[in-house]
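Here's a quick tour of side-chain packing, with rings and charges along the way. Have the viewer open as you read.

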Amino acid sequence: MSYERKVIDIKDVRRQIDICKEIYEHVNSDGVTRLAMVDTYGCQQNEADSEKIRGYLAEMGYGFTEDEFQADVIVINTCAVREHAEMRVFGNVGALNHTKKARPDQIIAVCGCMVQQEHIAKKLKMSYPVVDLVFGPHELWRFPELLRQVMARKKRIFATENDTGAVIEGIPQVRKEGVKAWLSIMYGCNNFCTYCIVPYVRGRERSRLPEDIVREARELVAQGYKDITLLGQNVNSYGKDLDEPTDFADLIRMINGIEGDFIIRFMTSHPKDATEKLFKTMAECEKCAHQLHLPVQSGNDRILKVMNRNYTREKYIRQVELARSYMPDLVLTTDIIVGFPGETDEEFNDTLTLCEKVRYDAMFTFIYSKRVGTPAASMPDPFTREDKQRHFDALTELANRISGEKHAEYEGKTVRVLVDGETGKEEYNLSSRTNGGRLVHLKGDKSLIGQTVDVKITASNTWALYGEISI
């Protein structure tokens with residue numbers, strides 16, 4: 001099924017900014033700065049969305065706080081990928097009864113992927129009267145208008161209509177200070193993996209124009225960001241909906257051509273669309289990190305087919321070998337789901353053997369979480385939670401062993417790292433990342449943040465490297 005690529009007119013976005021100014025005059029009429037809190041769950045795309053919510057709030061004159069008892073407006077940006085995240089949101093929203101009692105005029109909004117599900121929106125409406133505003137990802141661009149309605153009408157607003165999604169430019173953003181920045185290049189997903197709710201809540205794939213992305217990347221570099229991550233549910237599908245032929249590899253080359261000292265990263269890649277052109281481009285573009293997150297999800301062909309992943313175990317292995325032929329120093333990570341409905345011991349063992357063969361630098365492992373509305377939710381599953389936990393523990397043990405072994409290979413070597421922040425610990429007070437994204441803890445003055453330095457690796461464990469700055 002094809003979908004028309006929808007773009008929100010910039011005039012409509014500017015109207016939202018005008019509404020921000022109206023709210024500014026209202027909330028700042030007494031000269032007191034009001035405070036807002038934005039609490040984010042889930043993926044990097046949610047973080048990028050929260051930056052836009054903060055951008056709007058800043059235009060309204062709000063300062064920011066992390067104390068819910070001090071906030072005049074609280075926005076909870078939710079994730080729908082796993083049940084655990086949803087339960088945390090419900091628990092934290094329920095706890096806001098206390099802040100609402102202390103501050104009766106406080107406005108509480110819940111947004112994001114989770115509320116785009118009809119049964120979740122209904123639960124919030126029926127069981128959580130503390131919530132004043134609910135809006136899905138497709139309505140984020142209208143946040144000022146929706147907030148003004150709550151303020152003016154003193155009534156609850158729910159905006160969670162189904163939509164295929166649109167491309168929106170011009171929303172102000174407030175990014176976190178530091179050296180890292182998220183840069184969304186596309187939205188939505190067309191893959192419909194049978195376990196995943198994302199296509200249902202974020203809509204169809206739609207790409208931003210390359211000139212808009214390059215302009216924003218150039219602005220980020222000018223602002224001093226050194227580590228820029230390109231975001232999309234499947235970045236390898238970038239450009240398929242554009243009139244002018246531009247694919248993801250082309251986009252990387254465009255951004256690589258921007259003057260300045262910075263690193264290009266990206267996530268997430270879908271194995272069915274990862275091409276030799278992409279690997280060649282990564283190898284040839286000096287600013288592109290030799291880091292690839294390539295979720296395999298399972299090492300068994302039957303499970304992959306039932307998941308609707310559209311590749312085989314053998315094709316995946318060939319892709320890894322091809323990528324490493326172009327980038328021998330490639331840092332490779334993955335996602336794996338354990339306990340997909342009907343997965344047998346033998347099928348799970350295929351995942352273990354694949355991991356032994358590929359030897360990932362890190363694995364992000366999850367026990368299957370049933371998502372209402374997805375095909376997998378109705379699949380028969382005779383296996384118990386205990387069976388799945390046993391498999392999960394075995395995979396975690398393997399992942400930790402391989403990661404520890406690969407990290408140990410760094411010991412004694414000198415690597416180039418970008419110092420990106422403080423750890424809050426006394427012994428190793430700074431954090432940094434290699435080109436491949438490996439975490440390195442080191443000692444030094446915080447004035448080094450944002451600088452690239454050589455570090456000799458002196459120790460390691462499963463999760464990180466430890467080093468000292470080479471003089």
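## Around Phe266

Leaving aside neighbours within four places in sequence, which residues is Phe266 in contact with? Keep in mind that this is a predicted model. The list runs to Thr229, Leu230, Val235, Phe248 and Ile252, and then on to Leu278, Met282, Cys288, Gln291 and Leu292.

## Two cores

Phe266 also shows up in the largest nonpolar core, which has 56 residues. Together with Ile185, Leu230, Phe248, Ile255 and Tyr360, Phe266 touches the most other members of that core. Apart from it there's another core, this one of 33 residues, with Val75, Trp141, Leu147 and Ile168 among them.

## Rings on rings

Search the whole structure and you get 8 aromatic pairs. One of the pairs is Tyr195 with Phe340, set edge-to-face with 85° between the planes and 6.4 Å centre to centre. Tyr195 belongs to the loop between strand 8 (186-187) and helix 7 (198-202), while Phe340 belongs to the loop between strand 13 (331-338) and helix 13 (345-358), so this pair ties together parts 145 residues apart in sequence.

Are these two rings buried or exposed? Tyr195 and Phe340 are both buried. Add Tyr368 to Tyr195 and Phe340 and you have one aromatic cluster.

## Charges on rings

Two spots put a charged side chain over a ring. Arg82 lies over the face of Phe366, 3.9 Å from the ring centre. Over at Phe90, the charged end of Lys123 sits above the ring, at 4.1 Å from its centre.

Definitions and conventions: Residues are numbered from 1 along each chain as its sequence is written. This is a predicted model: local features need pLDDT of at least 70, side-chain atom pairs count only at pLDDT 80 or more; totals for chains, interfaces and linings use all residues. Side-chain values use heavy atoms; hydrogens and water are left out. A nonpolar core is a set of buried Ala, Val, Leu, Ile, Met, Phe, Trp, Tyr and Cys residues joined through side-chain atoms within 4.5 Å. Buried means under 20% relative accessible area, exposed over 50%, partly exposed in between (1.4 Å probe, protein chains only). Contact means heavy atoms within 4.5 Å. Rings of Phe, Tyr and Trp (its six-membered ring) pair if their centres lie within 6.5 Å; planes under 30 degrees apart count as stacked, over 60 as edge-to-face and the rest as tilted. Helices (H or I, at least four residues) and strands (E, at least two) are DSSP runs, numbered from the N terminus. A charge sits over a ring if NZ of Lys or CZ of Arg is within 6 Å of the ring centre and within 35 degrees of the ring normal.
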